[in-house]
Amino acid sequence: MKAVILAGGLGTRISEETVVKPKPMVEIGDKPVLWHIMKIYSSYGINDFIVLLGYKGYMIKEYFQNYWLHNSDVTFDMANRSVEVHQNTSEPWRVTLVDTGAETMTGGRVKRAEEYLDDTFMLTYGDGVADIDIDALLKSHRESGRLATVTAVQPSGRFGAMEMGDDECVEAFQEKPVGDGGWINGGFFVVEPAVLARIEGDATLWEKEPLEGLARDNQLHAYKHTGFWQPMDTLRDKRALEDQWEAGTAPWKTW
């Protein structure tokens with residue numbers, strides 16, 4: 001099975017980082033968030049990836065071109081113009097990098113990968129991590145018999161909350177309370193190839209016509225994920241994820 005990752009957006013809300021690199025290359029620890037996402041899938045045996053490029057996509061190409069160099073001991077024999085790789089620790093990944101255009105919308109990017117997709121595939125955004133059970137997600141999708149499955153999540157509140165009694169006395173604080181109880185699109189989709197016919201072209205937003213049409217036709221299944229989920233939308237999000245990684249408490253580290 002293949003996992004398709006949307007990695008072409010501008011990431012304007014974290015411009016402190018994305019002015020010099022594409023958002024999926026923003027690092028958590030010393031690894032791009034794209035690497036973390038791929039490791040999640042790889043821990044469930046999915047090692048065939050299609051990464052949809054756009055803004056500064058050449059940086060993602062260069063990262064994978066030199067992946068073995070970054071993760072191995074290497075001897076450069078300058079006189080003989082040779083390279084010897086020692087202790088190669090690279091993952092067993094097959095990575096297809098598809099240029100989808102700087103201005104292409106999310107649906108259009110997926111459409112551009114159509115020639116590489118002939119079976120059920122995973123799809124997610126290149127900026128969010130979760131402790132999602134990929135096997136359970138796929139099982140839920142197959143049992144539903146629908147054309148696509150979206151992972152539904154309930155994000156925590158943005159700000160801390162106070163619990164107050166009837167006499168207006170503060171009884172407790174909640175650092176990260178549950179939001180309003182609504183379920184939102186958490187990414188981590190499972191998609192049948194027939195869905196690609198619902199995408200008209202580059203200007204199509206995945207989250208609009210394709211998903212809304214699937215919902216109208218009763219063809220969009222929801223897999224409820226109640227565990228950890230966090231997009232990296234802002235510098236504050238990045239720092240929070242990085243703190244968890246450095247402390248060894250990253251919930252999404254399923255490998």
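Rings of Phe, Tyr and Trp (its six-membered ring) pair if their centres lie within 6.5 Å; planes under 30 degrees apart count as stacked, over 60 as edge-to-face and the rest as tilted. The model is predicted: local features need pLDDT of at least 70, side-chain atom pairs count only at pLDDT 80 or more, and totals for chains, interfaces and linings use all residues. Residues are numbered from 1 along each chain as its sequence is written, and side-chain values use heavy atoms, with hydrogens and water left out.

**Exercise 1. State which residues the ring pairs link into a cluster.**

Solution.
- Start with the whole structure: a search finds 14 aromatic pairs.
- Take one pair, Tyr63 and Tyr67. The ring centres are 5.6 Å apart and the planes stand at 85 degrees, so this pair is edge-to-face.
- Check burial (buried is under 20% relative accessible area, exposed over 50%, partly exposed in between; 1.4 Å probe, protein chains only). Tyr63 has a relative accessible area of 12% and is buried. Tyr67 is at 7% and also counts as buried.
- Now the cluster: ring pairs link Tyr41, Phe49, Tyr63, Phe64, Tyr67, Trp93 and Phe188.

**Exercise 2. Classify the pair of Phe189 and Trp206, and place both residues in the chain.**

Solution.
- Geometry: the distance is 5.6 Å centre to centre, with 90 degrees between the planes. The pair is edge-to-face.
- Place: Phe189 is in strand β14 (residues 189–191). Trp206 is in the loop between β14 and α7 (209–216). Helices (H or I, at least four residues) and strands (E, at least two) are DSSP runs, numbered from the N terminus.
- Separation: the two residues are 17 apart, and the pair links distant parts of the chain.
- Burial: Phe189 is buried, at 1% relative accessible area. Trp206 is buried, at 1%.

**Exercise 3. Describe the surroundings of Ser144.**

Solution.
- Locate Ser144: helix α6, residues 134–144.
- Find its polar partner. A polar atom of the Ser144 side chain lies 2.7 Å from the backbone oxygen of His141.
- List contacts (heavy atoms within 4.5 Å). Neighbours within four places in sequence are set aside; Ser144 then touches Thr149 and His221.

**Exercise 4. Summarise the chain as a whole.**

Solution.
- Count the elements: eight helices and 16 strands.
- Burial: 45% of the 255 residues count as buried.
- Contacts: among those with a separation of 6 or more, 73% join residues 24 or more positions apart.

Notes
A polar contact is a pair of N or O atoms within 3.5 Å; within protein, one must be able to donate a hydrogen and the other to accept it, and residues adjacent in sequence count only if both atoms are side-chain atoms.
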